[in-house]
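Work through the exercises below with the sequence and the structure at hand. Each task is followed by a solution in steps.

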Amino acid sequence: MSVNEPLPGTSDIWEPELSDWVLLENKAREIFSRYAYSELRTPIFERSEVFVRNLGSETDVVQKEMYSFNDRGGRNLTLRPEGTAGVMRAIANRGLNQGEEARVFYFGPMFRGERPAAGRRRQFHQVGVEAVGSDSPWMDAECIAMLTHFLRELGVSGSKVLINSRGLPEDREAVSHALKEYFRPKLPELCEDCQRRLENNVWRMLDCKNPACGQIALGAPKILDLLSETSQDFFKRTCDGLAELGVDYEVAPRMVRGLDYYIHTVFEVTHSGLGAQDALAGGGRYRITLPGDKRCHEGIGFAAGMERLLLARESLGLQSGAKPETDTYIVSLGEAAVAAGLRLAGELRQLGLGGRVKADLSARSMKAQMRSANREGAGIVLILGEDEIARAQVSCRNMRSGEQVLLPRVELHDWLKKQ
Ligand code: AMP
């Protein structure tokens with residue numbers, strides 16, 4: 001690997017691809033704002049305990065995937081592997097009054113030490129939302145509807161919404177018990193991770209990626225059947241809400257999602273254009289105590305992988321735009337003309353004339369500068385030589401039509417407006 005190549009699982013994002021990222025961010029801003037969410041930017045690194053406490057010490061992310069390091073003050077810090085924990089810390093830091101809601105959205109890079117593969121990166125980007133302070137199942141339905149609205153606006157058709165419930169903490173024991181009863185006799189056929197999970201985190205045995213484990217998990221009891229009446233009612237009301245808001249969904253009875261903080265609703269959106277890593281977005285409802293605040297808060301949120309959103313768009317033929325080209329190229333002939341060329345470029349930029357304006361600073365020959373203008377796809381070339389400067393004129397060439405005129409400087413603005 002060359003020293004200039006980005007590390008495995010990371011990449012440089014150039015134009016024209018970058019314009020797709022900007023489109024995605026702008027769409028997220030536009031759509032989520034319509035649902036009264038506001039943007040929040042939190043730091044890229046946090047004290048490690050922020051993630052361990054929120055995500056749960058038994059989760060894959062915390063156990064195997066965190067990029068953690070000690071800073072010079074001896075604090076153990078982690079590059080954020082997801083957005084929710086930092087958002088919660090920020091909300092706790094601000095304080096949330098009883099009955100008050102916080103609705104935020106965010107985007108940015110996340111870091112997980114995973115084995116890189118198509119659609120699986122070590123630095124990836126998420127766009128996500130969190131709505132904290134409402135315990136209504138309508139909130140879950142609206143949140144999922146907002147995600148499908150966002151996908152629709154991005155042109156990402158053909159995605160599938162999968163939904164399940166994890167119930168309340170009080171339901172956990174009964175579910176864990178039933179799952180252990182089911183999996184225990186099958187232990188010798190299961191992978192090493194699952195053998196460990198039986199005692200530590202039996203729920204995760206339902207979504208093990210190992211194909212043999214997956215096959216066995218298909219026969220496991222359905223979580224929904226094991227939940228209390230309260231939890232089943234919450235789930236039913238969420239589904240009713242989704243129907244009311246016109247969202248198509250499928251119940252995925254064994255979906256648990258990786259993180260421990262979820263209660264009630266968990267959901268995922270998949271897309272067939274993504275290949276093996278087919279999860280476009282995932283989220284759920286959670287109950288947390290914010291540090292320094294004894295009360296419990298409920299929230300619902302999701303995160304979508306931005307790389308995967310772009311891949312899904314690509315699979316549908318929604319390609320990125322063209323690389324932005326220089327619109328107006330100023331050729332300056334001789335050292336004295338370079339200053340005049342720069343002044344002219346500055347003037348056009350102040351007035352917003354000529355689009356993307358570039359002044360050639362090289363004082364090379366006319367031929368060399370014209371070659372560069374051509375290579376950059378310039379639509380307009382303005383030429384300043386000694387004669388033009390002395391007579392307050394400028395030679396203007398429209399590269400598309402081939403038309404060239406020698407104009408008094410005062411007429412340049414009008415000419416540019418007509419091109
Ligand atoms: P998660 O909370 O792990 O379900 O992540 C939410 C979304 O982020 C997923 O549905 C993916 O779209 C995306 N994502 C998660 N991990 C990665 C990764 N390593 N590389 C690229 N995208 C990812």
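**Exercise 1.** Find the polar contacts of the ligand with glycine 305, alanine 279 and arginine 112.

Solution. A polar contact here is a pair of N or O atoms within 3.5 Å. Start with glycine 305: one of its backbone N or O atoms lies 3.2 Å from an oxygen atom of the ligand. Next, a polar backbone atom of alanine 279 is 3.0 Å from an oxygen atom of the ligand. Last, arginine 112 uses a polar side-chain atom, 2.8 Å from an oxygen atom of the ligand.

The model is predicted: local features need pLDDT of at least 70, side-chain atom pairs count only at pLDDT 80 or more, and totals for chains, interfaces and linings use all residues. Residues are numbered from 1 along each chain as its sequence is written, and side-chain values use heavy atoms, with hydrogens and water left out.

**Exercise 2.** Describe the shell around the ligand by residue class and by element.

Solution. Count residues with a heavy atom within 4 Å of the ligand. There are 15 around the ligand, and Arg112, Glu114, Arg121, Arg257 and Ala279 come nearest. By class, the shell has 5 nonpolar (Ala, Val, Leu, Ile, Met, Phe, Trp, Tyr, Cys and Pro), 6 charged (Asp, Glu, Lys and Arg) and 4 polar residues (the others, Gly among them). Two or more residues each come from strand 6 (123–132), strand 10 (279–289) and strand 11 (296–305); strands are DSSP runs of E, at least two residues, and helices runs of H or I, at least four, numbered from the N terminus. Strand 10 gives the largest share, 4 residues.

**Exercise 3.** At what angle do the axes of helix 2 and helix 4 cross?

Solution. Fit lines to the C-alpha atoms over the stretch in contact, and take the angle, from 0 to 180 degrees, between N-to-C directions. The axes of helix 2 (residues 48–55) and helix 4 (residues 84–94) cross at roughly 105° and come within 9 Å. Helix 2 is therefore roughly perpendicular to helix 4, a term for angles of 65 to 115 degrees. With contact meaning heavy atoms within 4.5 Å, helix 2 contributes Val50, Phe51 and Asn54, and helix 4 contributes Ala85, Gly86, Met88 and Arg89.

Definitions and conventions:
Angles under 35 degrees count as roughly parallel, over 145 as roughly antiparallel, 65 to 115 as roughly perpendicular and the rest as oblique. A residue is near a molecule or strand if one of its heavy atoms lies within 4 Å of it. A polar contact is a pair of N or O atoms within 3.5 Å; within protein, one must be able to donate a hydrogen and the other to accept it, and residues adjacent in sequence count only if both atoms are side-chain atoms.
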